[in-house]
Every structure is written in C-alpha cells, then in structure tokens.
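Here are some exercises to work through with the model open beside you. Try each task before reading its solution.

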Amino acid sequence: MIQERSLTQIEAIREALDQEMERDDRVLVVGLGVDDPKAILGSTRGLAERFGPDRVMDTPLSEDCMTGACIGMAMAGLRPVHVHIRVDFLMLAMNQIVNVAAKSMHMSGGQQPVPLVVRAIIGRSWGQGAQHSQALHSMFMHVPGLKVVAPSTPLDAKGALAYAIRDDNPVIFFEHRLLHGFKSVVPTGEVLRGPGRCRVLRTGSDLTLVGISYMVPECLRAAEWLAGMGIECDVLDPVWLSPLDVEGINVSVAKTGRLLVADNAWLECGASAEIVAAACEALGSTRRLTVGRVGFAATPCPTSPPLEAAFYANATSIAREAFRMVTGAPPGQDLDLEMPPEIREFRGPF
Amino acid sequence: MRTPVTQLYRRLYLIRRVEETIAAVYPTDKVKSPIHLSLGQEAVAVGVCSALRPKDVVFGSYRGHATYLAKGGNLKAMMAELYGKATGCTKGRGGSMHLADTGAGVMTTSAIVGSTIANAAGYAFGLRYRGSDAVVVSFFGDGATEEGVFSETLNWAALKRLPILFVCENNSYAIHTHVSRRQATPRLVERVRTYGIEASRIEDGDVLRIAAEADKSVHELRKGSGPRFLECATYRLREHVGPGEDWDLGYRSPEEALPWIQNDQLRRLGDMLEPRERADLETAADAEIVAALAYAEESPFPPASDLLDDVFA
C-alpha cells in the first residue's frame, strides 16, 4: 500500500538513494564524506551501514580522478551517484564531465553509454562566499549529452533522483542547500519524475513566472504579493533544465504575453536567457511579448550580509520586476517582502 | 607463459603495415581524420596485450592504432572509421582519436591527454565489483604523467588495490617538447613506487621482455596484488600528427632515432622466424589490410539524417 507522509527534501533524497540501492545492486554512492558522521547533510545517513563500503564509498580529494573513475564504473555497467557537497567543486571535474561523460556515447558510436548521476549542492547564506554559492547549471545545459535537473520540492527531488539513477545518460542533479529543509508530501513507494512536463504551481493570466531551483519558493511568495495588487501569475517550475519543457512554458507565455524568469544564477548566457529566447523564437512572430529576467548580480558572491542580500534575487526583486512588466511603472518604494524563514533562521557553519 | 614469437610478430607486422598503408593513403585526403601514427611504438602495445585474455580490457590515448589492433580490435572497422564511413568502429563519430571496439575489449581512447587513466581505474573497480577476474590496462604517454589525474589515479588505484596495469609509452616527446624540458627529474618509476605500486622500466623496447613483464604483472593482478606499473621507453618515427617524417623541424635529430631503427623489433623477430612461416604470415596480413582498405573505400558514408543519433542512450 502506498502511504503518503511529509518529508524534507534531504529525507526525500536519502529515501531515493536508499530505495534505488535496495532495488539495484549496481547503484553506488561515491564521494568525499558520504559515509562520515555528517553524511552529506544527512542525505546519505545509514546507507554505509546498510550497503557496505564498496557501495557507499568515501574518496580521496580528487575530483578529476573520481569523476573519471565513476565514468569508468558506469562503462563497466555500474550506476554511480557521485556526490559533491558544493557545486563549485565540479569545476575540478569539468574535463571528465564535458569531454568524457557527455561525449562517450557519441564518440563510441553508441557502444559506451555513461549512466552517471552527479549530485551537486548549491550553497547559500551565512557568508558562503564566491566559491561556495555558485549554481552553474547553465554551463552543463550548454553541452549535448548531459541532462540537467534542479528540483525544488521534496517530491520532485525524490522522483527526479530515482529517474536520474535509472537513466542511461549522465545527469547533473542540482540541489539547493536552502531547499533541503522544505517539506512536502512524498509517497513511500517508488516515484519516478523524468523530463517532459514543467510543474504549474499557480495559475494566472497576467504574467508567466518561471523559477529555477530556490527561486521557485521566492516566485510563489512574489506571486502572492502580486495577487494582492490584482496581478495574477502562472508560476512554473521546469524541474528538468535539459531537456527543457519549452512547449509547456510557451503554452503559458502564449496565454499571458509576459515572461519573467527568476534564476538562482547569473543571467549572462544563463538558463534564463535560454528560456526567454525559446519563448521569443516560438511566439515572437505571432504575439507581442514582454520579457524580463532576475538572478544573481553580475559579480562574484560577497560574504558580508548587506552585500550578500543585494547579490541575490528574491521575492521582492521578482515582485518589483513583475509589477513593472505588467503595469509599466515601478511599485511604490515600500515594497519589501519579509525575509523568508529559511534565510532568516539559517545558522552555520555549514 | 611465454608468448610465441610468431604471435608477437604477426601483430607487430600487421600494425606496422597498417600504419604505413594509412600514411601512404593519407595524401589522397580519403582519411578524414587527424592521425597520430604508432609507427615505431608498436612493441609496447603488442608486448603488453599478448599477456591479456579476450575479456580483459584496454584504455588508450589518441595515438591508439597499435593499442586497438594489439588488443584485437576489428581492422576493417578501424579503416572504415578513418574514412568516416558508417561501417566504422564508431560509425563515423570518433575517428582515429576515439577508436573503440568494446567487444574486443578496446574501451575508449581519448584526445585529452591522461583522461582515460581515471576511466580505466573506475572500470577496474567495476570489474572487481562484479566478481570478474578480468584486468584493465591503461596506456598513456609520458606527457600524461604530468597531468594531475595521473597522480590522483595512482593514489586511488593503490588505495583500492585495483586490478589495473598502468603502461607508460614513453617516447620522450609531448608534441615537440622533450621530456627533459617538462619534468624536473626523469625518475618516473620512483615517483610511482611512493604510492605503494610496484613499478619497472624497460629501456630498450625489447618486445619479448615487455611481454614477459606484462605477463608477470597480469598474473599478479589476477591474484589481487593491486596495481602494477610498467614504463616502456619507445620512439615515435613519424611526426606528432600526420603521415610524414619531421626531422626538418629540428626539435630532434635522425641520430637520436638511429638506435631505435637498428633495434627494430619487427626486423628482430622476423629474423627469428622460419622464412616460410614468416612469408605466409606476412602474405596473410597484407591480404587482410588490402581487404580492410577495400572495405573502407566501398562502405557508405553515414547519411546527414543520422547526425543526432547516439547523443543520448
């Protein structure tokens, strides 16, 4: 019997790993600290005891080698999940991800698929700074042969991770530190959520609001404020960024004529640019469109709290831009939505 | 086990003639791919692969023709691949630098120096995990030993006692830059030993010694010894990329090549065979090459409509 109960995102991720490892002994979890007392923020808790050190494998601090080794394991028929406590460390693995994992299937003429999942955690708050806060999903969206997913809800996190593990291609799985504590109803049994359909989290006819990763809850807060001002939004969560459900987004944009993308990343050459371009290509010749984007300021992330707060897009900056796009004028100076609890209450050091 | 001279000679001869044939065809522009010929370096791949079983696997570098053929990769499919044909070993996707024939245990070769070293180690882990007694050989050049992934992988492979033989084909040059201008000391095997990996160096390219050393190492690997390392000095007779000689560039001299030419393992082993046996063997190999070339010539190109195939599994 399938029972439903609430899980945090971190619990949902742990459950997906646990269930997939139970189902298929080719599934391995690999990464620095996956079996340590903190267990990757709890997401690998208990797995080492249950499945042993060969399947829950701590590693040297060698991202290049270990990514390449996971690719080799995948070529040998295993299905490794390689965990990085911060996205930023993926920069040390770029050769293996971009030059090998993404291209192996193609370069071998179909002989060498790479069923690899790379879990990468986006840091934020408590002064994480320039090298512990990047998202960088758009870098991976750029490369054919990679799939990219950035779920915002526990349900999608569980379903997308299980799907990614069963996918025969390399999947980069982005999770956001601030979303780890969010709760939602998650079935106890198997959940598989692959690419195909973006989530419609709220409906309205004035503006399409697309949020990526942690920008999803911020978009929902902005939409709530906008509704109070008489502006109704479609709020969409693409979940899978590559392949991207362009059609699903464009159905909404065709209705509203206005598209605002809020990304948990820089805007330049980013996912937000891709989504806006896709809408303009499909709809621009038949319909007048108003488009906008909000995301990181074009600077490395600073650590001082006032600077850090100014660096990120948030519900307030989303609401302000949405209001301007719909009414043609900025909102009053007093628009300053309350800081959400996951930021206000976040305590370090990690 | 001593590998019969006949068997070694057959592989050496086939690879040498294949490379010479490619070089001869190259000016016609029918080979639609950069080529990094193994000419002069055949003995390393041939010697090492003579110690392997069909289910053992190899990972190599962009200079991978010898690796591919020594492990038993399909010659027709390789030639067709160089021609960019649909019947190529990677269906016209990989070309000379990315030869693969997984059925024969040729897993992948890479144009990014050093990157397959880590893939090979991961594969070795996978083999052991699945209960196989097969082993992995990772072939790479001296330049690869300067990449971080080389040191990282030695460490991890030793830590996990993986069934992998690392083979450095040391031809002294990274493109045109001599190893003495790249490495603070030439003491590679000493460096490797600090990871707890048994390592040896063969100085003279003697294919029989390489075969014997590889055989000993592979035997140990199958018993669970943990990784082994073999450095083989060798010499590239042609230019870094392309079919020709490059003595005119001045970065190396013909005199430097002389000992290697005089010590040519193909001639040495050929002289050890009965003339009749040798002639039969060469005739058969020549016919195989003629057939492979004809196959490459006659095979169709992949249609443009296949462009997006094999991006995703």
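**Exercise 1.** Work out whether Leu192(A) is buried, partly exposed or exposed.

*Solution.* Start with the cut-offs: a residue is buried if 20 or more other C-beta atoms lie within 10 Å of its own, exposed if 12 or fewer, and partly exposed in between, with C-beta atoms placed from the backbone. Leu192(A) has 15 other C-beta atoms within 10 Å, so it is partly exposed. A word on the source: this is a predicted model, where local features need pLDDT of at least 70, side-chain atom pairs count only at pLDDT 80 or more, and totals for chains, interfaces and linings use all residues. Residues are numbered from 1 along each chain as its sequence is written, while chains are lettered from A and ligands numbered from 1 in the order in which they are written.

Next, place the residue. Leu192(A) sits in the loop between strand S8 (183–187) and strand S9 (199–202) of chain A. Helices (H or I, at least four residues) and strands (E, at least two) are DSSP runs, numbered from the N terminus.

Then look for partners, where contact means that the C-beta atoms, placed from the backbone, lie within 7 Å. Leaving aside neighbours within four places in sequence, Leu192(A) is in contact with Gly159(A), Ala162(A) and Tyr163(A).

**Exercise 2.** Do the same for Leu7(A): is it buried or exposed?

*Solution.* Count first: Leu7(A) has 22 other C-beta atoms within 10 Å, so it is buried. Leu7(A) belongs to strand S1 (residues 4–8) of chain A. Skip residues up to four places away in sequence, and Leu7(A) touches Ala12(A), Glu15(A), Pro154(A), Lys183(A) and Val186(A). Finally, compare sequence with space: Leu7(A) and Pro187(A) are 180 residues apart in sequence and 9.2 Å apart in space, C-alpha to C-alpha.

**Exercise 3.** Find the strand order of the open five-stranded sheet in chain A, then describe S10(A) within that sheet.

*Solution.* The order is S9-S11-S10-S13-S14 (chain A), with mixed pairing; two strands pair if DSSP finds at least two bridges between them. At the edges are S9 and strand S14 (290–296) of chain A, each pairing on one side only. Neighbouring strands here are turned by 25° against each other on average, direction ignored.

Now zoom in on S10(A). Four bridges join S10(A) to strand S11 (residues 233–237) of chain A, and the two run parallel. Within S11(A), Cys233(A) is the bridge partner of Leu207(A), and Val235(A) is that of Leu209(A).

Then check burial. Five of the five residues of strand S10 (residues 207–211) of chain A are buried, so S10(A) is largely enclosed by the rest of the structure. In a regular strand the side chains alternate between the two faces of the sheet. Here both faces are covered: Leu207(A), Leu209(A) and Gly211(A) are buried on one side, Thr208(A) and Val210(A) on the other.

**Exercise 4.** Describe how H8(A) packs against H12(A).

*Solution.* Take the geometry first. Helix H8 (residues 215–228) of chain A and helix H12 (residues 315–327) of chain A pack at an angle of about 50°, with their axes 8 Å apart. Axes are lines fitted to C-alpha atoms, for helices over the stretch in contact, and angles run from 0 to 180 degrees between N-to-C directions. That makes H8(A) oblique to H12(A), since angles under 35 degrees count as roughly parallel, over 145 as roughly antiparallel, 65 to 115 as roughly perpendicular and the rest as oblique.

Now list the residues. H8(A) brings Glu218(A), Cys219(A), Arg221(A), Ala222(A), Trp225(A) and Leu226(A), and H12(A) brings Ala315(A), Ile318(A), Ala319(A), Ala322(A) and Phe323(A).

**Exercise 5.** Which helix gives the most to the side of chain A that touches chain B?

*Solution.* Begin with the totals: 33 residues of chain A are in contact with 35 residues of chain B. Helix H3 (63–75), helix H4 (94–101) and helix H5 (104–107) of chain A each supply at least two residues of that side. H3(A) gives the most, with nine residues.

Methods. Two residues are in contact if their C-beta atoms, placed from the backbone, lie within 7 Å.
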